[in-house]
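This briefing introduces one structure to a reader who has not seen it before. It covers a sheet, a helix packed on the sheet, and the nonpolar cores.

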Amino acid sequence: MSKSLIYPGLGAKGYTLISTRSNAKGTIFKLEPQKRLFICPVCKSTEVTTRGSVDRTLKTLSIGKREDVYLDIKIPRLHCHSCGKLRYMDTNISEPRKSYTYQLADYVSLLSQVATLNDIVFLTGLSWYKVNDITKDFLTKKYSKPDLRNLTRISIYEISTHKDHKYLTVVINADTGQPIYVGKGKSASSLDGFWTLLGKRRAQRIQAVAIDMGKAYISAVKERLPHADIVFDHFHLIKP
Ligand SMILES: [Zn+2]
């Protein structure tokens, strides 16, 4: 893993980053929802007033398990003037009552196609129970295919599992932080499935690719995306 590696986008649209701190657990980004997210989850009305709040900590994506990353969010409870219900705001970042983000769930879902349960526990820092929970959801099609619309910048990472140093190749949407592909190995052919997924038309729209390391990726990207810029400094995307 390169030393310049930075977290991919937090994928927290509609939030303001209040502070960043590190402790023994990892790095914690404190986020505050903007008013535009104050929508009644029942009837979608914006005629709401806040009635208290709850603090939640969500574990989110960190590639290659360099350290754990958490989002601390104060979630307002909304009283809806249209339907009269009192409900916590829908975060758009995680499912209600889950302690991990959609991003992390997507990552686990993709990993589950190529890695063992133990490897996923190691790579994500999630408990066996939670990994199992997510993959079960994935099997029941709760998590859909990655969204490739508006994809223009991607990051390609090489990660390795602990014991036997099996390598995996991970592709992330650099603008949203959403994981979109995981392939076995760290060779040019590890990206074959990604090129198929991407398709030729969408490939034309890719403007820039951040590559962690590995000449194999560079040659593959030059061949498949000759028009795209290759950068070695992962886009610094700590912007919600
Ligand atoms: Zn309502």
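Two strands count as paired if DSSP finds at least two bridges between them. The model described here is predicted. On that basis, five strands make up an open sheet with mixed pairing, and the largest nonpolar core has 48 residues.

**The sheet**
- The strands of the open sheet follow the order β8-β7-β6-β9-β10.
- At the edges are β8 (179–184) and β10 (229–231), each of which pairs on one side only.
- From one strand to the next, the twist averages 20 degrees.

**Around β8**
- β8 pairs with strand β7 (residues 167–173) in the antiparallel sense, over five bridges.
- Thr 169 has Gly 183 in β8 as its bridge partner.
- Across β7 and β8 lies helix α4 (residues 192–204), which runs at about 145 degrees to β8.

**The largest nonpolar core**
- Within this core of 48 residues, Leu 71, Val 108, Leu 111, Val 170 and Val 171 have the most contacts.
- Helix α1 (residues 102–111) supplies the largest share of the core, six residues.
- The core lies between domain 1 (15–99) and domain 2 (145–231), because both domains give residues to it.
- Leaving aside residues up to four places away in sequence, Val 108 touches Ile 120, Thr 124, Leu 126, Val 131, Ile 134 and Thr 135.

**The second core**
- A separate core of five residues is also present, and its members include Cys 40, Val 48, Leu 78 and Cys 80.

Notes:
Residues are numbered from 1 along each chain as its sequence is written. This is a predicted model: local features need pLDDT of at least 70, side-chain atom pairs count only at pLDDT 80 or more; totals for chains, interfaces and linings use all residues. Helices (H or I, at least four residues) and strands (E, at least two) are DSSP runs, numbered from the N terminus. Axes are lines fitted to C-alpha atoms, for helices over the stretch in contact, and angles run from 0 to 180 degrees between N-to-C directions. Two residues are in contact if their C-beta atoms, placed from the backbone, lie within 7 Å. A nonpolar core is a set of buried Ala, Val, Leu, Ile, Met, Phe, Trp, Tyr and Cys residues joined through C-beta atoms within 7 Å. A residue is buried if 20 or more other C-beta atoms lie within 10 Å of its own, exposed if 12 or fewer, and partly exposed in between; C-beta atoms are placed from the backbone. Domain bounds come from an automatic or database domain assignment.
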